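This report introduces a protein chain to a reader who has not met it before. The sequence and the model are shown first, and the description follows.

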Amino acid sequence: AGHVAGGLASTLKAAGVPAPRADQIQDAVEHGGVLLAVHATPDQVDTVRQALGSTGPRELDVANWDEGQ
């Protein structure tokens, strides 16, 4: 799991997640946490955030992936 999670942190950093936060997420996943990623268009972000927020997540982050990088 550590190898996969290490790749996860790198992927999150490439997606624009600040390095300290990406490392926190990696650590959480390594210790049994669940990461749910949703691909949405910019006009869908608020709707997705509200839908996921209504389920009572412990944490909810949004990152904008720039596929041009």
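The largest nonpolar core consists of five residues, namely Leu8, Leu12, Val17, Ala22 and Ile25. Both helix 1 and helix 2 contribute to this core, with at least two residues from each. Within this group, leucine 12 is in contact with Val17, Ala22 and Ile25, when its neighbours within four places in sequence are left aside.

The model described here is predicted. Its secondary structure comprises three helices and zero strands, and the order along the sequence is α-α-α. The chain has 69 residues, of which 14% are buried. Its accessible surface amounts to about 5,300 Å², and carbon and sulfur atoms account for 54% of that area. Among the contacts in the chain with a separation of 6 or more, 36% join residues that lie 24 or more positions apart.

Two residues illustrate opposite classes of exposure. Glutamine 26 belongs to helix 2. Its relative accessibility is 18%, and glutamine 26 therefore counts as buried, since the cut-off for that class is under 20%. Asparagine 64, by contrast, is located in the segment after helix 3. Asparagine 64 counts as exposed because its relative accessibility is 64%, and the exposed class begins over 50%.

Each of these two residues can also be placed relative to a partner elsewhere in the sequence. The table gives the separation along the chain and the distance between C-alpha atoms.

| Residue pair | Separation in sequence | C-alpha to C-alpha distance |
|---|---|---|
| Glutamine 26 and leucine 12 | 14 residues | 9.1 Å |
| Asparagine 64 and alanine 15 | 49 residues | 6.5 Å |

The first pair links the buried glutamine 26 to leucine 12, a member of the largest nonpolar core. The second pair involves the exposed asparagine 64, whose C-alpha atom is 6.5 Å from that of alanine 15.

The description now turns to the largest pocket. How much space lies in the largest pocket? The volume is about 1,300 Å³. The lining of this pocket is made up of 35 residues, and the closest to its centre are Leu35, Leu36, Ala37, Val38 and Asp61. The elements that give two or more residues to the lining are helix 1 (2-14), helix 2 (19-30) and helix 3 (45-53). Helix 2 provides the largest share, with five residues. Sorted by class, the lining holds 21 nonpolar, eight polar and six charged residues.

Helix 2 thus recurs in this account: this helix supplies at least two residues of the nonpolar core, contains glutamine 26 and gives five residues to the pocket lining.

Definitions and conventions
Residues are numbered from 1 along each chain as its sequence is written. This is a predicted model: local features need pLDDT of at least 70, side-chain atom pairs count only at pLDDT 80 or more; totals for chains, interfaces and linings use all residues. Side-chain values use heavy atoms; hydrogens and water are left out. Helices (H or I, at least four residues) and strands (E, at least two) are DSSP runs, numbered from the N terminus. Buried means under 20% relative accessible area, exposed over 50%, partly exposed in between (1.4 Å probe, protein chains only). Contact means heavy atoms within 4.5 Å. Accessible areas come from the Shrake-Rupley method with a 1.4 Å probe; for residues, only the protein chains shown count as cover. On a 1 Å grid over the protein atoms alone, a cavity is a set of points where a 1.4 Å probe fits but cannot get out, and a pocket is an open set with protein on both sides within 12 Å along at least five of seven lines; lining residues have an atom within 4 Å of a point. Grid points are joined across faces, edges and corners, and a volume is the space filled by probe spheres set on the points. Ala, Val, Leu, Ile, Met, Phe, Trp, Tyr, Cys and Pro count as nonpolar, Asp, Glu, Lys and Arg as charged, and the others, Gly among them, as polar. A nonpolar core is a set of buried Ala, Val, Leu, Ile, Met, Phe, Trp, Tyr and Cys residues joined through side-chain atoms within 4.5 Å.
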